[in-house]
Amino acid sequence: MQSAVAWPRLPPHDPDTPVLSVVDMHTGGEPLRIVLAGCPEVVGPTLLAKRRYMREHLDRVRRRLLLEPRGHRDMYGAVLVRSELPEAHLGALFLHNAGYSSMCGHAVLALGRFALDFGLLPAPPDGSCEARVNIHCPCGLVTAFVACEGGRSCGPVRFHSVPAFVLASDLMVDVPRHGKVVVDIAYGGAFYAFVSARQLGLDVRSARTRDLVDTASAVTAAVKAQFKITHPESEDLAFLYGTILTDGKDAYDEEPTTNICVFADEQVDRSPTGSGVTARIALQYHKGLVGLNQPRAFKSSATGSVFTGSAVREAKCGDFKAVIVEVSGQAHYTEDL
């Protein structure tokens, strides 16, 4: 039945407030709100400079996009900008409930599909079953490989990370109410603290999310207070993004290993965390628990969704021995059935 009411194109709004057009996606259940149009120009000669400019001058855009009433505390976003790198098809700034990240794997998996479907790169040759998308993230250039058919995305996406490395292993940290806890710190485009939840009296697969969040947040605060994060190439990247609690199953196994990532202001990643998988593979490779091209599956304790990851080649980041990690997952437009 056709409506007799002629609805206006937009509801009443302040004409001085930019109207933001967005596309909503998710990867493994973790949301991504992509700004299609309406964001004021983000100024800066480099992507990291643009990140600083947006944080200092355009944070109102992040708050409007992600926080209530239009979003929620676990919403995630991406603003697309021009990159200074000639090989990049697009640049991306990543937004969360407390600010701006340096890397986001679930967003890269979604942006790979989005970039191909919205024409942000030349159409792949006829008959291609995979398209290559170069995405400049604040941490560096990341390459996504998008399954496609007839020039449109049609399935899973994988990406190759920036060099991932271990900053500290078997670090002893004093966590209030838990005492001394053994922590690893690894980088997969962002720095994470990794802890087996069993050390903290929790089962990451069955514990209440609130308990996992509180405990992970306590670990993050303790690490920040007791250990200085440094990055060999940029001070902009030298911060602890969050803590990933694991089931402790780091030795190679064909069965998935489960984790949960709590980052920013107690934000919970519903996916297995793409940059976290990257860092965790680097950690497992560093400890001799996995080899090159030996894939592992990682399950989110929040949703049960799965990413796969493997170290595909060795690399360097400053003086750190590093690996390039391939992460695979499935991204969806929210209107997909």
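Okay, let's start in a loop: R177 sits between β9, residues 165-175, and β10, residues 179-187. One thing to keep in mind as we go is that this is a predicted model. So what is unusual about the backbone at R177? Its phi is near 75°, which is a positive value in a residue other than glycine. And is R177 buried or exposed? R177 counts as exposed, at 75% relative accessibility.

There's another residue of that kind, A264. This alanine has a positive phi of about 50°, although it is not a glycine. You'll find A264 in the loop between β13 and β14, where β14 covers 267-268. Its relative accessible area is 32%, which makes A264 partly exposed.

While we're on the backbone, have a look at E68 and P69. They're joined by a cis peptide bond, with omega at about 15°. Where does P69 lie? P69 is in the loop between α2 and β3.

That brings us to α2 itself, residues 59-66. Which of its residues are buried? They are D59, V61, R62, L65 and L66. If you look down the axis, these residues cover an arc of only 150°, so they end up on the same side of α2. And what's covering them? The list includes β1 at 21-27, α1 at 47-57 and β5 at 100-101, along with β2, β3 and β4.

Since α1 just came up, let me pick one residue from it: A49 is found in that helix. At 13% relative accessibility, A49 counts as buried. Setting aside neighbours within four places in sequence, A49 is in contact with V43 and G44. Here's a long-range pair to look at too: A49 and D236 are 187 residues apart along the chain, and their C-alpha atoms are separated by 9.5 Å.

Right, pockets. How much space lies in the largest pocket? About 420 Å³. It's lined by 21 residues, and the ones closest to its centre are V79, L80, V81, R82 and G91. Three strands each give at least two residues to that lining: β2 at 30-37, β3 at 77-81 and β4 at 90-95. You'll remember β2, β3 and β4 from the list of what covers the buried residues of α2. As for what kind of residues line this pocket, we have 14 nonpolar, four polar and three charged.

The second largest pocket holds about 240 Å³ of space. Here 13 residues make up the lining, with P18, V19, L20, R64 and R70 closest to the centre. By class, that's seven nonpolar, two polar and four charged residues.

Now for cavities, meaning spaces the probe can't get out of. How many are there of 30 Å³ or more? The count comes to one, and about 80 Å³ of space lies in it. The lining has 14 residues, and closest to the centre are C104, Y192, Y241, D269 and T273. Among the elements involved, α3 (105-117), β13 (257-263) and α5 (274-286) each supply at least two lining residues. The lining divides into seven nonpolar, five polar and two charged residues. We met β13 earlier, by the way, at one end of the loop that holds A264.

Last topic, cysteines. A quick reminder for anyone who needs it: a disulfide is a covalent bond between the sulfur atoms of two cysteines. How many disulfides does this model have? Zero. Let's look at why, using C137 as an example. The closest cysteine sulfur to that of C137 belongs to C139, and it's 5.0 Å away, which is too far for a bond; the cut-off here is 2.5 Å. C137 is also buried, with a relative accessible area of 0%.

C148 is in no disulfide either: its nearest cysteine sulfur is that of C154, 6.3 Å away. C148 is buried as well, with a relative accessible area of 5%.

So, if you want places to click on first, try R177 in its loop between β9 and β10, the cis bond joining E68 and P69, and V79, one of the residues closest to the centre of the largest pocket. That's it from me, thanks.

How values were computed. Residues numbered from 1 in each chain as written. Predicted model: local features only at pLDDT ≥ 70, side-chain atom pairs only at ≥ 80, totals over all residues. Heavy atoms only, no water. 1 Å grid on protein atoms, 1.4 Å probe; cavity = no way out; pocket = protein on both sides within 12 Å on 5 of 7 lines; lining within 4 Å. Points joined across faces, edges and corners; volume = space filled by probe spheres on them. Helix = DSSP H or I, 4+ residues; strand = E, 2+ residues; numbered from the N terminus. Nonpolar A, V, L, I, M, F, W, Y, C, P; charged D, E, K, R; others polar. Buried < 20%, exposed > 50% of the residue type's maximum accessible area, 1.4 Å probe, protein only. Arc of directions from axis to C-beta. Contact = heavy atoms within 4.5 Å.
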